[in-house]
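Here are some exercises for you to try with the coordinates open. Have a go at each task before you read its solution.

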Amino acid sequence: MNILAVDTAGKTVGVALMQGDRLLYECYLDAGMTHSETLMPLIDGCLRLCGLGCKDIDLFGVNAGPGSFTGLRIGLAAVKGLAFPRETLCAPVSTLEALAAAHTGEGTVLCALDARRAQVYSAAFDLATHARLLDDDARAVADLAQFVENCKKPLFFVGDGASLCYNKYSNVPGVLCVPPALRGGRAAAVALVAKQMAERGEAVLPEALLPDYHRLSQAERERAERLAAEAAQNVKTDNGKD
């Protein structure tokens with residue numbers, strides 16, 4: 001099985017190609033350019049260097065969320081475009097699960113992506129079994145205190161929100177530090193999770209590939225806040241008439 005996977009959920013972009021259990025190719029780019037500039041050239045380079053074309057890909061893997069709304073949309077749109085002509089199966093991979101899949105050993109990994117407003121998209125996994133300990137969700141960094149402080153095993157943070165967690169919890173006993181260069185997402189891990197999903201029958205046709213944002217967009221939040229403010233003003237005006 002040839003699996004092409006892309007990672008576009010954060011500031012970095014990655015592309016990987018797995019053949020069965022063998023990793024043929026992987027690249028990771030953090031050059032400050034937008035994913036719309038870099039993703040397709042990286043995919044093209046990957047396929048050319050591996051001597052393959054889209055017709056040879058059996059499964060596409062892509063971050064479905066959480067993460068940057070724009071980054072997720074770029075990755076999903078690219079994969080849909082590549083998969084549609086042959087109705088190639090696609091795996092909508094949890095960004096947080098892929099972050100955890102890149103690590104192994106004994107302990108706990110807490111995956112965190114910066115969600116702004118002092119929040120992180122977060123989830124936790126046991127390293128030995130990769131069993132979930134926290135579901136994917138947007139949480140305030142402070143709301144992770146109970147989990148971090150009561151964790152029975154050594155714990156470390158990964159993802160672009162890891163620094164926010166280390167700033168608050170680095171002095172908690174059992175918390176281990178991961179160098180910043182090793183905290184980022186890997187497309188190879190997206191490919192690995194995609195393979196596992198396909199084996200469980202969880203891959204979908206490209207038309208069913210959808211984002212899972214886990215939170216309203218900024219525009220949606222601002223609209224909801226505006227409508228709530230208008231409703232409150234209307235109530236105040238109506239009360240004043242009485």
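The exercises below go from the whole chain to single residues.

This is a predicted model, in which local features need pLDDT of at least 70 and side-chain atom pairs count only at pLDDT 80 or more, while totals for chains, interfaces and linings use all residues. Residues are numbered from 1 along each chain as its sequence is written, and side-chain values use heavy atoms, with hydrogens and water left out.

**Exercise 1. The whole chain**

Task: Find how many helices and strands the chain has, and what share of its residues is buried.

Solution: Start with the DSSP runs, numbered from the N terminus, where a helix is H or I over at least four residues and a strand is E over at least two. The chain has seven helices and 10 strands. Next, take accessibility: buried means under 20% relative accessible area, exposed over 50%, and partly exposed in between (1.4 Å probe, protein chains only). Of the 242 residues, 46% count as buried. Finally, look at contacts, meaning heavy atoms within 4.5 Å. Among contacts between residues at least 6 apart in sequence, 62% join residues at least 24 apart.

**Exercise 2. Helix α1**

Task: Compare the reach of α1 with its expected span, then list its buried residues.

Solution: The expected span is 1.5 Å times one less than the number of residues. Helix α1 (residues 35-50) has 16 residues and reaches 22 Å from first C-alpha to last, close to the 22 Å expected. Its buried residues are His 35, Thr 38, Leu 39, Leu 42, Ile 43, Gly 45, Cys 46 and Leu 47. An α-helix has 3.6 residues a turn, so residues three or four places apart point the same way. The cover over the buried residues of α1 includes β1 (2-7), β2 (13-19), β3 (22-29) and α2 (69-83). After the helix comes Gly 51, with a positive phi near 70 degrees.

**Exercise 3. Backbone angles**

Task: Locate the cis peptide bond from Gly 65 to Pro 66 and the positive phi values of Glu 87 and His 130.

Solution: The bond from Gly 65 to Pro 66 has omega near -5 degrees, and Pro 66 sits in the loop between β4 (59-65) and α2. Phi of Glu 87 is near 50 degrees; this residue belongs to the loop between α2 and β5 (89-94). His 130, not a glycine either, has phi of about 60 degrees and lies in the loop between β7 (119-126) and β8 (132-140). Glu 87 counts as partly exposed because its relative accessibility is 33%.

**Exercise 4. Thr 12**

Task: Decide whether Thr 12 is buried or exposed, and find what it touches.

Solution: Thr 12 is in the loop between β1 and β2. Its relative accessible area is 14%, so Thr 12 is buried. Leaving out residues up to four places away in sequence, Thr 12 touches Asp 7, Tyr 28, Leu 29, Asp 30 and His 35.

**Exercise 5. Val 193**

Task: Place Val 193 in its helix and find its contacts.

Solution: Val 193 lies in helix α6 (residues 187-199). At 1% relative accessibility, Val 193 is buried. Setting aside residues up to four places away in sequence, Val 193 touches Val 93, Glu 97, Ala 98 and Ala 101. For a long-range check, Val 193 and Val 62 are 131 residues apart in sequence and 9.7 Å apart in space, C-alpha to C-alpha.
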